[in-house]
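Hi there,

Here is the structure I promised to pass on, with my notes underneath. Have a look at it first, and then read on.

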Amino acid sequence: RVAFRPFVSVGPRCVLERDCLVESSILWDEVCVKSRASVRNSIVGANMTVEGDCIDRIVTRNGEVSID
């Protein structure tokens with residue numbers, strides 16, 4: 001089961017695995033959110049994979065920064 005909370009934008013060809021949570025976030029094209037991972041208040045760039053928690057972050061192939 002995938003949980004969406006308010007204010008989520010999911011780009012084309014994203015993969016959201018079982019038991020993940022996406023809340024108040026933007027996922028660009030071809031993002032993979034692994035099973036049991038969570039994305040909250042974040043922006044995840046194209047072709048990235050999220051494992052574990054991604055909270056208050058901007059994540060791209062050039063690196064990541066905190067947005068809190």
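Let me begin with one residue: Ser38 lies in strand β7. Please keep in mind that this is a predicted model. Is Ser38 buried or exposed? Its relative accessible area is 5%, and because that is under the 20% cut-off, Ser38 counts as buried. Setting aside neighbours within four places in sequence, Ser38 is in contact with Leu21, Val50, Gly52, Asp53 and Cys54.

Two of those partners, Val50 and Cys54, turn up again in the largest nonpolar core. This core has 13 residues, and the members that touch the most others are Leu27, Val31, Val33, Val39, Val44, Val50 and Cys54. In soluble globular proteins, nonpolar side chains tend to be buried together. For a closer look at the core, try Val44: beyond its neighbours within four places in sequence, Val44 is in contact with Ile26, Leu27, Trp28, Val31, Val39, Val50, Cys54 and Val59.

Next comes the loop between β7 (38–40) and β8 (43–44), which is where Asn41 lies. Asn41 has a relative accessible area of 37%, so it is classed as partly exposed, between the cut-offs of 20% and 50%. Which residues does Asn41 contact, leaving aside those within four places in sequence? They are Glu23, Ser24, Ser25, Asp56, Arg57 and Ile67. With Asp56 there is also a polar contact, side chain to side chain, at 3.5 Å. As for Thr60, 19 residues away from Asn41 along the chain, the two C-alpha atoms are separated by 15 Å.

Now for the chain as a whole. The secondary structure comprises 12 strands and zero helices, so the order of elements from the N terminus is simply β-β-β-β-β-β-β-β-β-β-β-β. The C-alpha trace spans about 30 × 25 × 20 Å along its principal axes. The radius of gyration is 10 Å, which agrees with the value near 11 Å for a compact globule, because that is what 68 residues would give.

A few totals may be handy for your own work. Buried residues account for 29% of the 68 residues. The accessible surface is about 4400 Å², with 47% of it belonging to carbon and sulfur atoms. Finally, take the contacts between residues at least 6 apart in sequence: 1% of them join residues at least 24 apart.

Happy exploring, and best wishes!

How values were computed: Residues are numbered from 1 along each chain as its sequence is written. This is a predicted model: local features need pLDDT of at least 70, side-chain atom pairs count only at pLDDT 80 or more; totals for chains, interfaces and linings use all residues. Side-chain values use heavy atoms; hydrogens and water are left out. A nonpolar core is a set of buried Ala, Val, Leu, Ile, Met, Phe, Trp, Tyr and Cys residues joined through side-chain atoms within 4.5 Å. Buried means under 20% relative accessible area, exposed over 50%, partly exposed in between (1.4 Å probe, protein chains only). Contact means heavy atoms within 4.5 Å. Helices (H or I, at least four residues) and strands (E, at least two) are DSSP runs, numbered from the N terminus. A polar contact is a pair of N or O atoms within 3.5 Å; within protein, one must be able to donate a hydrogen and the other to accept it, and residues adjacent in sequence count only if both atoms are side-chain atoms. The radius of gyration is taken over C-alpha atoms; the globule rule is 2.2 Å times the number of residues to the power 0.38. Accessible areas come from the Shrake-Rupley method with a 1.4 Å probe; for residues, only the protein chains shown count as cover.
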